[in-house]
Each structure stands twice: as C-alpha cells, then as structure tokens.
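Welcome, and thank you for opening the viewer. Let us walk through this model one selection at a time.

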Amino acid sequence: MQQTLTKGIAMPSTSDQLLRVFASPRRAYVLDMLESRGEMSVNAINDELGQLTQSALSQHLKIMRDADAVQTRRASQTIYYRIADDPAVRELIEWRRRHR
C-alpha cells in the first residue's frame, strides 16, 4: 500500500521503505553491527565499513532513518545510531539471521 501522493508521485509506504533498508547489503551489515554491538557513532560505523565515502554512508543512514529502522541521539558533535525500538525492525533482523 502506498502513502499520500506528493506532486502526483506515490510515496512508498513505511513497509516498502523498511524492506529497502534490508535490500542493501551495506545497510543490512550496519543493522547487524548495531544489533550485535548496540549503539555506535557515525565514525565507528564508518571505520568498520572501510571503503565507503562519508557521502555514501550519509545516504545509507538517511534511508535507514527515513524508514524508522534506526534511532539517533546527538552528544555534542557526535551522532550515535541504534536499532529502532520497533517490532517490525526486530522481526526483519531475526528473519534475516535465520535465512543467511
């Protein structure tokens, strides 16, 4: 099901956005890291991913935020990410774990 039209373009539903998060191996890997390690700073995520530009990481994290797959908190200049407290996100992470 799709959400409201914006200038004639159908916006994806939340479930579509959430599935888009899991469609990318890099985003799925970030979720795996957050699941196993808990909250992580953007710098720690970037250090772990290695060969990814700051811009590319920012785009991945935005997609994850827009889908409500992650939550953030700011401490001074540092932004920390954690898995969202959402049963749908947890269920998809568990499904992915079982089907690797």
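The expected span of a helix is 1.5 Å times one less than its number of residues. Keep that rule at hand for the second stop, and remember along the way that this is a predicted model.

**Stop 1: the whole chain**

Begin with everything selected and coloured by secondary structure. The protein chain has five helices and five strands. Read from the N terminus, the elements go β-β-α-α-β-α-α-β-β-α. Of its 100 residues, 31% count as buried. Switch on a surface if you like: the accessible surface is about 6600 Å², and carbon and sulfur atoms own 49% of that. Among contacts in the chain with a separation of 6 or more, 44% come from residues 24 or more positions apart.

**Stop 2: helix H2**

Now select residues 25–37, which make up helix H2. Does the rule from the start hold, and what span should its 13 residues have? At 1.5 Å a residue they should cover 18 Å, and the end C-alpha atoms are 18 Å apart, so the two values agree. Show the side chains next: the buried residues of H2 are Arg27, Ala28, Val30, Leu31, Met33 and Leu34. Then step just past the helix to Gly38, whose phi is positive, near 85°.

**Stop 3: the three-stranded sheet**

Select residues 40–41 (strand S3) and 78–83 (strand S5), then add residues 70–75 (strand S4). Together they form an open sheet in the order S3-S5-S4, with antiparallel pairing. S3 and S4 are at the edges with a single partner strand each, so one side of each has no neighbour in the sheet.

Zoom in on the S3 side. S3 and S5 are paired over two bridges, and Ser41 stands opposite Tyr80 of S5.

Move across to the other side of S5, where six bridges join S4 to S5. Two bridge pairs to pick out are Val70 with Ile83 and Arg74 with Ile79.

**Stop 4: the turn**

Which residue in the turn of the S4 and S5 hairpin has a positive phi? Click on Ser76, with a phi of about 60°; the hairpin has two residues between its strands.

**Stop 5: a charge over a ring**

Return to Tyr80 and display Arg73 as well. Arg73 lies over the face of the Tyr80 ring, 4.4 Å from the ring centre. If you go looking for aromatic pairs, the count comes to zero.

Terms used
Residues are numbered from 1 along each chain as its sequence is written. This is a predicted model: local features need pLDDT of at least 70, side-chain atom pairs count only at pLDDT 80 or more; totals for chains, interfaces and linings use all residues. Side-chain values use heavy atoms; hydrogens and water are left out. Helices (H or I, at least four residues) and strands (E, at least two) are DSSP runs, numbered from the N terminus. Buried means under 20% relative accessible area, exposed over 50%, partly exposed in between (1.4 Å probe, protein chains only). Two strands pair if DSSP finds at least two bridges between them. Contact means heavy atoms within 4.5 Å. Accessible areas come from the Shrake-Rupley method with a 1.4 Å probe; for residues, only the protein chains shown count as cover. Rings of Phe, Tyr and Trp (its six-membered ring) pair if their centres lie within 6.5 Å; planes under 30 degrees apart count as stacked, over 60 as edge-to-face and the rest as tilted. A charge sits over a ring if NZ of Lys or CZ of Arg is within 6 Å of the ring centre and within 35 degrees of the ring normal.
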